[in-house]
Structures are given as C-alpha cells and as structure tokens.
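Open the model in your viewer and set it to cartoon. The stops below say what to select next and what is there.

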Amino acid sequence: MYFKIIDAHSHLWLRQEATVNGHHIYPMGNGRAMFMGEEVQMLPPYMVDDRNTAEMFLSNMNYARVSAAVVTQEFIDGLQNDYLEEVARRWPNRFFVFGMCDFRRPGFMPLVRELYDRGFRGIKIPAARLLLPEGRVMLTGDEMMEMFHFMEERGMILGIELADGDLQVGEMEEVIAECPRLCVVIGHFGMVTRQGWMSQIRLACHPNVYVESGGITWLFNDEFYPYPSAMRAIRAAADEVGINKLMWGSDYPRTITAITYKMSYDFVLRSTLLTPTEQEQFLSSNAARVFGFKDLIELPYIKNMSE
C-alpha cells in the first residue's frame with residue numbers, strides 16, 4: 001500500500017544560536033552543539049557544517065519517500081523566520097512553515113502581523129519554555145489572546161507544545177473556548193511518556209484541535225526501534241479522540257542522530273495496531289487536510305545498492 005507521506009513536525013535552520021534560561025546554545029562543528037550547558041550531538045555527524053538546510057532535508061525526504069513536511073520552530077534554535085520564508089517560497093508544494101516570535105517578552109504582536117503579511121499561515125509557541133525562572137507567561141494573557149483572535153479571524157494555524165502533563169491544559173481550554181474556530185495542533189504527542197499526557201490528547205476532542213507525534217521516537221528512545229510502547233500510545237490516543245485527529249511527525253533532524261529518517265515512520269507501517277486505512281490517515285491524509293497540502297509529489301522507490 002503506497003500513499004504520499006507527510007511529516008507534521010520538523011526543523012530547519014542555517015545557523016542555530018539562542019539563549020534559553022540563561023544558557024547559550026550554539027554549534028560546535030560536526031553536528032555537535034552546546035545545549036543547556038552540555039555538549040550534545042544535535043545533528044547527524046555528516047552535517048559537518050552544522051547547517052540544517054532544506055536541501056539536505058529534501059534529500060532525506062526523497063529517499064524516505066516523504067512528499068511534504070511541516071517546519072516548526074523552537075526557542076532553542078533561535079528565530080528562523082527569514083530562512084523559512086525563503087524555504088516556503090522556493091518549495092511551496094513541499095513545505096508548510098510556522099513563524100515564531102519571542103513570546104517570553106511582551107510586545108510581539110507587531111511581528112505576528114508582519115509574519116502574516118509575509119505569507120506565514122501558522123504561528124508556533126514553544127509553551128513549555130514559558131515557565132521562566134522570573135515568572136510564568138500565561139497563554140491567557142491579554143497579548144496572547146489578541147494574537148489568537150487575530151489568527152482565528154485569518155484562518156491561521158497555532159502550533160503549540162505544552163509543558164508536561166496538564167499544567168497548561170486549563171489555559172488551552174480557555175483559549176479554545178474563546179477562539180473555537182482557531183485551528184490548534186498540539187506537538188510532541190502530548191509529551192506522551194510523562195504522567196498526565198492523555199489530558200493533552202483529550203484537547204483534540206474539540207473540533208479544531210489536532211495532535212502530532214513529533215519527537216515520539218525521542219520520548220521512547222530508551223525502548224528504541226520498533227517502539228512498541230509508542231504504537232500502544234498511538235492506539236490509545238486514537239481510541240480516545242479518533243485517528244482522524246492524529247498526525248505523524250519526525251522531529252527531524254534531532255531524532256535522526258539515533259535512527260534513520262525512514263525509521264522514524266516505518267515502525268508505524270510495520271505495526272498491526274493500526275489498520276492500513278488508519279496508517280494512511282496518520283501518515284498522510286490528516287496532515288494534508290489540516291495544513292492544506294495539495295498536488296503532493298509522488299516519489300519513486302529507489303533500490304539500495306546493498307539490496
């Protein structure tokens with residue numbers, strides 16, 4: 001069974017540089033980075049120049065037969081709006097890109113309006129990083145709610161990753177009640193390995209709320225491929241809110257320091273916990289509907305030399 005796969009959670013940057021909670025994050029060569037005071041393998045080691053480019057990603061996508069991808073953002077990478085605007089312009093049928101502001105400080109609404117005028121149709125909030133040492137930034141604050149109404153009126157998509165468990169679920173319930181037509185995509189599968197994760201999944205009981213699985217292979221890294229517990233979690237979430245509310249995401253490129261890009265989705269195809277129809281919804285048609293992908297490229301199978 002062949003269908004055109006869509007990745008609902010990935011990252012791109014020309015240079016990763018940011019400061020989060022007083023920690024400077026920066027590249028160190030050969031795919032390594034200083035991250036929260038520790039040297040880590042941020043990228044696969046063959047990315048020797050530390051550039052996580054669309055061209056490199058497209059090569060991985062074409063090889064793994066992934067037709068399109070959603071590119072999100074995170075504070076740990078720094079704002080990538082300028083580069084992602086270029087990516088969307090060059091490859092409009094392959095990428096949907098999220099814009100991002102520094103929501104840790106007030107005064108971001110002018111940039112939200114500017115991003116919309118520049119063609120961005122989604123805004124990303126790494127909400128788990130709004131629990132700042134100097135105080136928590138509330139999702140229900142006046143400027144946040146102004147942004148959510150702005151986005152709702154213009155048909156924009158909110159991508160958001162919440163803190164572990166139900167800490168920010170009540171705030172999201174208020175946002176959804178205030179802006180019922182705002183399309184919301186919850187990331188990282190509700191932080192599935194943390195206690196209370198299903199409370200985030202249940203937000204998808206609301207008509208315009210969806211969940212993507214970006215980072216699920218990272219969250220189940222100790223178990224490793226083929227991630228049977230991850231599949232049981234996907235099955236449980238589908239039984240709770242419906243498979244039509246769930247989408248696959250890879251969290252490329254960080255997750256492919258441990259596995260190949262293709263492995264980040266083919267564990268779903270190898271499992272019997274989803275029917276073939278459910279696999280197609282999870283890996284393809286749900287994301288096509290939510291993010292508006294059309295005219296998806298059909299990618300041929302290229303035999304490996306080792307086969």
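Begin with the open sheet of this predicted model: five strands pair in the parallel sense, in the order β8-β11-β12-β13-β14. Select 122–125 and 246–247 to pick out its edges, β8 and β14. Each of these has a single partner strand, so one side of β8 and one side of β14 are left without a neighbour in the sheet.

Now move inside this sheet and select residues 183–186 together with 209–212. These are β12 and β13, which are joined by three bridges in the parallel sense. To find the register, show Ile186 and look across to β13, where Val211 stands opposite.

**A run of hairpins**

Next, select residues 18–20 and 23–29, which are strands β2 and β3. Their pairing is antiparallel and rests on three bridges. Show Thr19 in β2 and find His24 opposite in β3. Two residues separate the strands of this hairpin, and Asn21 in the turn has a positive phi of about 50°.

Keep β3 selected and add residues 32–35, strand β4. Again the pairing is antiparallel, over three bridges. Which residues of β4 stand opposite Tyr26 and Pro27? For Tyr26 the residue is Met34; for Pro27 it is Ala33. When showing these side chains, keep in mind that side chains in a regular strand alternate between the two faces of the sheet. At the turn, two residues lie between β3 and β4, and Asn30 takes a positive phi near 60°.

Keep β4 and add residues 38–41, strand β5. Here the antiparallel pairing runs over four bridges. Show Phe35 and its bridge partner in β5, Glu38. This hairpin too has two residues between its strands, and Met36 is the one to centre on, with a positive phi near 50°.

**A glutamine in a loop**

Select Gln80. It lies in the loop that runs between β6 (66–71) and α2 (81–90). Is its side buried or exposed, judged by relative accessible area? Gln80 has a relative accessible area of 8%, which is under the 20% limit, and therefore counts as buried.

What does Gln80 touch, leaving out residues up to four places away in sequence? Show Leu12, Trp13, Leu14 and Arg15, then add Gln73; these are its contacts.

**The whole chain**

Clear the selection and zoom out. The secondary structure amounts to 10 helices and 14 strands. Along the principal axes, the C-alpha atoms fill a box of roughly 60 × 45 × 35 Å. A compact globule of 307 residues would have a radius of gyration near 19 Å, and the 18 Å of this chain agrees with that.

Colour the chain by relative accessible area: 57% of the 307 residues count as buried. Then switch to a surface, where the chain exposes about 13,100 Å², with carbon and sulfur atoms supplying 51% of that area.

If your viewer draws contacts, restrict them to pairs with a separation of 6 or more; residues 24 or more positions apart make up 75% of these.

For the last stop, colour the charged side chains. There are 29 positive and 40 negative ones, and the centres of the two sets lie 5 Å apart.

Definitions and conventions: Residues numbered from 1 in each chain as written. Predicted model: local features only at pLDDT ≥ 70, side-chain atom pairs only at ≥ 80, totals over all residues. Heavy atoms only, no water. Pairing = 2+ DSSP bridges. Rg over C-alpha atoms; globule rule 2.2 N^0.38 Å. Buried < 20%, exposed > 50% of the residue type's maximum accessible area, 1.4 Å probe, protein only. Contact = heavy atoms within 4.5 Å. Areas by Shrake-Rupley, 256 points an atom, 1.4 Å probe, with all protein chains shown as cover. Lys, Arg positive; Asp, Glu negative; His and termini not counted. Charge placed at Lys NZ, Arg CZ, Asp CG, Glu CD.
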